Amino acid sequence: MSTLEKDLFGDRKIRIKRMSEISDKYDAFILDQYGVMHNGAIPLPGALECFESLKKAGKRIAILSNTSRRSKDALKKLRALGFQLDSEESVITSGEECWKHMNERMNGKSCVYLTWKREVEDDDKFLDGLNISTSDVSTADFILCHGSEIIVENSSSSPVETGFIEHGNVLLAYQKVLAVALNRGLEMLVANADYSAVLPDGSLGHMPGLIGQQYQLMGGKVKWFGKPHSEHFQACLKTFGEDIKYTRVVHVGDSLDHDIQGAADANLDSVFILGGVHAQEVGLTTGKDGLTTGEQDEEKINKLLADEGCHPKWILEKFVW
């Protein structure tokens, strides 16, 4: 154990090789999706077995995700990947919280819609069930930052592909829209607060949270949904019932900014998954098959934790049993 690791976490051992080593310490598990359970296309190696083992052990499970999908759509996707969750109530998504907010407060308004290509291609649309239209930034009432691939301004024009998910340059992709929105004092709703995510091909994709961060830095008003905000962790705790003590709940995630910091703010233990968004920073590489290669670099791990100021209770390479 390094000196830094000892200073941060005391003398206890925090590195584990599998979830079964700590399963008896907890009654309930809050799981992140991307980078822990799957990569958007396939379950990550060992994740299905780990999930099923927790269920067989009688553990209560809730999903807490910064996906901009609604809970019902996230549940549908998880079940298609093999993760058989009991109900929609056990899936808490930032997209669902954003949808509810718009349903309650944005009725009849219009938005500039920053979203995913799937919103054009799929039958199920995020705006379904809402009395909200899309509009040019010069007339819109707010910006909806739902995805990071296309801009939809009105029904009469074609969506504009930004390339942002690949290159990550916010101003290159969105400067015109953000400048006009800022000048008009428009609020931005961010339905996915993540900065990055591991894509199915193993590359790192740039997420909507970066757009919200830039707009905020410019002086724009931003409303965030999802982790690391404590209310979303509290929503998960409610699904477990009053008989589960928070000291017997652990959150498993791969983002220090959103998962580990969010769990700490909610006074919950956490498991930091190395093979997710921070894989390259700690000496690992994740491929298209979800397999992680390379060797963990302890010095890099300790530096990353110190730089981020995050203190996970446990560190694990992959969500395996």
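A residue counts as buried here when its relative accessible area is under 20%, and as exposed when that figure is over 50%. With that in hand, helix 11 makes a good way into this predicted model. The helix covers residues 298–308, and Ile301, Asn302, Leu304 and Leu305 are its buried residues. Looking down the axis of helix 11, these buried residues fall within an arc of 160°, so they line one face of the helix. The face turned away from that buried side carries Glu299, Lys303 and Asp307, which are exposed. The two ends of the helix have their own details. At the N-terminal end, Asp297 acts as a cap, with a side-chain oxygen 3.1 Å from the backbone nitrogen of Glu299. Just past helix 11 comes Gly309, whose phi is positive, at about 70°.

Strand 4 is another story. In this strand, residues 110–115, six of the six residues are buried. In a regular strand, side chains alternate between the two faces of the sheet. For strand 4, both faces are covered: Ser110, Val112 and Leu114 are buried on one side, and Cys111, Tyr113 and Thr115 are buried on the other.

Strand 4 also has several pairing partners. With strand 5 (residues 133–134) it pairs in the parallel sense over two bridges, and Cys111 sits opposite Thr134 there. Pairing with strand 6 (residues 142–145) is parallel too, over four bridges, and in this case Cys111 faces Phe142. Strand 7 (residues 150–152) runs antiparallel to strand 4, with three bridges between them, and Leu114 stands opposite Ile151.

Next come the empty spaces. Rolling a probe the size of a water molecule over the atoms shows where such space is left. Two cavities of 30 Å³ or more turn up in the structure. The largest has a volume of about 90 Å³. Its lining is made of 13 residues, and those nearest the centre are Asp32, Tyr34, Asp194, Ser196 and Asp254. Strand 10 (residues 196–198) supplies the largest share of this lining, with three residues. Sorted by class, the lining of the largest cavity comes out as four nonpolar, four polar and five charged residues.

The second largest cavity holds about 40 Å³ of space. Among the residues lining this second cavity are Gly35, His38, Asn39, Val198 and Lys318. Its lining splits into two nonpolar residues, six polar and one charged.

Then there are the pockets. The largest one offers about 470 Å³ of space. It is lined by 23 residues, with Tyr34, Trp116, Arg118, Ile165 and Leu199 nearest its centre. Helix 5 (118–121) and strand 10 are the elements that give two or more residues to this lining. The mix in the largest pocket is eight nonpolar, seven polar and eight charged residues. Tyr34 thus turns up near the centre of the largest cavity and near that of the largest pocket.

The second largest pocket has a volume of about 230 Å³. Of its 14 lining residues, Arg69, Asp73, Arg118, Asp122 and Asp124 are closest to the centre. Helix 3 (71–80) and helix 5 each supply at least two residues of this lining, and helix 3 gives the most, three residues. Charged residues make up eleven of the lining of the second largest pocket, alongside one nonpolar and two polar.

Methods:
Residues numbered from 1 in each chain as written. Predicted model: local features only at pLDDT ≥ 70, side-chain atom pairs only at ≥ 80, totals over all residues. Heavy atoms only, no water. 1 Å grid on protein atoms, 1.4 Å probe; cavity = no way out; pocket = protein on both sides within 12 Å on 5 of 7 lines; lining within 4 Å. Points joined across faces, edges and corners; volume = space filled by probe spheres on them. Nonpolar A, V, L, I, M, F, W, Y, C, P; charged D, E, K, R; others polar. Buried < 20%, exposed > 50% of the residue type's maximum accessible area, 1.4 Å probe, protein only. Pairing = 2+ DSSP bridges. Arc of directions from axis to C-beta. Polar contact = N/O pair within 3.5 Å; in protein donor to acceptor, adjacent residues only side chain to side chain.
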